[in-house]
Amino acid sequence: MLRAFSTAATGMTAQQTMVDVIANNLANVNTIGFKRSQTDFQDLLYIKLRESGAEVASGINTPGGLEIGSGVRVASTVKVFSPGEFQNTGRKLDIAIRGDGFLQVTLPNGDIKYTRDGALQLNANGQLVTTTGYFIEPAITISTDAVSVDVGKDGSVNVTDATGTSSVVGTIQLVRFPNPSGLSNEGDNLLAETGASGTATTGTAGESGFGTIQSGFLEKSNVQMVTELVNLITAQRAYEINSRAIMVGDEMLKTANNMVR
Amino acid sequence: MPDTIAQIRSSVDSLTEQFDIIAHNLANVSTAGYKRRCTVFSRLLDSQLRNSATGSNGEVALDGALDFSQGDIVETGRRLDFAIYGKGFFVVETPGGQLYTRNGVFHINQNGQIVDSDGRIIAGQAGPIVIPSTIGVSQIHVSTDGTVIGDGTVIGSFRLVDFGDNEDKLVSAGANCFQVPEDIQPAVAENVVVKQAYKEASNVKMMDELVNMITVSRLYEANMNFVSAQKEASDSIMEVAMG
């Protein structure tokens with residue numbers, strides 16, 4: 001059977017994955033702190049029918065060999081950590097990270113996850129939580145008599161009470177990874193450490209290698225609608241042309257079949 | 001008559017192989033740094049050359065070659081994506097020796113080394129390029145000559161090589177890499193520009209491949225029709241002979 005069938009099938013599968021990734025990017029065009037993913041393709045192994053420079057007759061060598069590839073695979077989907085747009089919300093507890101770094105979030109089971117979604121809230125006990133209700137690590141509690149809360153560029157949380165005295169109740173810390181693209185996606189805007197990401201380094205915002213915290217802003221998704229749509233069209237056309245290869249191959253085999261009537 | 005059949009057979013085999021190569025090109029239309037395989041069309045002359053030496057019956061043989069023309073440079077915005085403009089390759093260190101690639105979608109592993117999508121180390125001028133843990137990905141700048149700068153200080157430099165006239169000795173190793181026979185030593189690439197946050201798109205042109213695909217399928221059909229015609233001719237001869 002034609003090798004081209006399976007080759008074209010790998011092409012279709014890979015383009016299908018690309019469409020899936022683009023669809024997820026597009027769906028998250030308004031998700032705070034979302035980072036778009038990009039698909040990275042790799043060609044598959046080659047079948048060497050003839051080595052290049054092989055001797056075909058005495059003194060005559062082929063100028064090039066003959067190697068037939070077996071298609072393509074998706075090597076990885078990588079997150080692109082380019083900054084998203086900063087949207088001014090004016091809300092004191094909305095924080096955006098300018099530069100590298102993630103917020104730490106404690107899950108109910110004690111696991112630590114990471115996020116760039118800085119739309120923070122206060123729960124019933126005055127604890128600083130994410131939109132989903134998970135605690136920010138290190139835990140920060142704001143007393144009930146506070147009248148205003150400010151977050152500094154270094155992540156320090158200042159509370160002013162009714163008498164006008166302000167005090168620092170805690171500092172939001174940032175973490176950084178050698179390879180942020182290696183973090184795994186956990187949903188709910190959360191990322192988890194993996195072997196590929198390397199271990200987290202904790203630090204204060206503004207330190208060398210860490211971004212600063214900007215209160216009153218939210219980092220929007222870094223998905224660019226037009227780019228994604230262009231990629232979507234490319235992927236769709238590539239999918240189509242691979243399926244065309246299968247159809248043409250089928251036609252070829254049909255002529256071969258018709259030969260014997 | 002058997003000669004004709006032998007010729008047709010080799011021609012059909014070659015066309016099938018050519019079709020497989022086209023399908024592989026089409027499958028890699030989105031693979032960064034992929035270089036199109038072209039099939040050598042001057043095989044009439046080529047086969048004549050062989051005829052004189054081997055006295056074979058005009059059978060055709062297919063040759064493949066890599067087309068190293070520049071692919072489009074596409075912006076990705078990812079700080080660890082690199083495109084090479086001009087003739088040159090990144091060097092990938094593997095246990096089985098060095099491989100060469102133009103796919104610059106890189107990562108940093110847990111040790112801070114720059115690696116490719118398969119985790120293989122990308123060679124610098126002096127061993128692997130190690131990004132210190134104090135430097136974030138957004139602080140990495142790579143100048144057009146391949147020097148890696150982290151927060152103002154030089155960390156290392158990509159090893160960029162070129163093969164000059166030996167480029168046709170490169171063979172595909174899969175996973176976006178090429179390899180050369182051991183006796184060929186790469187030279188330092190000159191006149192190359194490394195672009196950070198860009199990647200080189202595949203140099204496969206969909207339209208060209210589509211046209212080639214149609215040509216191949218038509219030639220295949222023509223060969224098959226010829227066999228049918230031969231069959232009919234021999235049938236009628238048999239009819240006459242048998243009365």
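These are my notebook entries on a predicted model with chains A and B.

**Entry 1: chain B by itself**

I started with the secondary structure of chain B, and I found three helices and 20 strands. Next I looked up how much of the chain is tucked away: of its 243 residues, 52% are buried. Then I turned to contacts inside chain B. Among those with a separation of 6 or more, 66% join residues 24 or more positions apart.

**Entry 2: where B meets A**

How many residues does each chain bring to the contact? I got 62 from chain B and 68 from chain A. I also wanted an area, because the size of an interface is often given as the accessible area lost when the parts come together. Between chain B and chain A, about 5200 Å² is buried, and carbon and sulfur atoms give 58% of that. On the chain B side, the residues losing the most area to chain A are F19(B), D20(B) and H24(B), together 10% of what that side buries.

**Entry 3: polar links across the interface**

I checked for salt bridges between the two chains, and the rule finds three. One I noted down pairs D20(B) with R3(A), with the closest N and O atoms 3.3 Å apart. So D20(B) turned up twice in my notes: it is in this salt bridge, and it is among the residues of chain B that lose the most area to chain A, going by the area lost when the chains are put together. For polar contacts across the interface, I have 24 residue pairs, both residues at pLDDT 80 or more.

Which parts of chain B supply the touching side? At least two residues each come from α1 (2–27), α2 (43–54), β2 (64–66), β8 (107–108), β16 (171–174) and α3 (206–242). The largest share, 11 residues, is from α3(B). I sorted that whole side by type as well: 26 nonpolar, 24 polar and 12 charged.

**Entry 4: two helices in chain A**

I tested helix lengths here. Helix α1 of chain A runs over residues 3–27, which is 25 residues, so at 1.5 Å a residue it should span 36 Å; its end C-alpha atoms are 37 Å apart, which agrees. Helix α2 of chain A (residues 225–259) has 35 residues and should span 51 Å, and its end C-alpha atoms are 51 Å apart, so that agrees too.

Last, I looked up which residues are buried. In α1(A) they include A4(A), A8(A), G11(A), A14(A), Q15(A) and M18(A). In α2(A), A238(A), I241(A), N242(A), A245(A), V248(A), G249(A) and M252(A) are among them. I jotted down a reminder: an α-helix has 3.6 residues a turn, so residues three or four places apart point the same way.

Note on methods: Residues numbered from 1 in each chain as written. Chains lettered and ligands numbered in written order. Predicted model: local features only at pLDDT ≥ 70, side-chain atom pairs only at ≥ 80, totals over all residues. Heavy atoms only, no water. Contact = heavy atoms within 4.5 Å. Buried area = accessible area lost by both parts, 1.4 Å probe. Salt bridge = Lys/Arg side-chain N within 4 Å of Asp/Glu carboxyl O. Polar contact = N/O pair within 3.5 Å; in protein donor to acceptor, adjacent residues only side chain to side chain. Helix = DSSP H or I, 4+ residues; strand = E, 2+ residues; numbered from the N terminus. Nonpolar A, V, L, I, M, F, W, Y, C, P; charged D, E, K, R; others polar. Expected span 1.5 Å × (residues − 1). Buried < 20%, exposed > 50% of the residue type's maximum accessible area, 1.4 Å probe, protein only.
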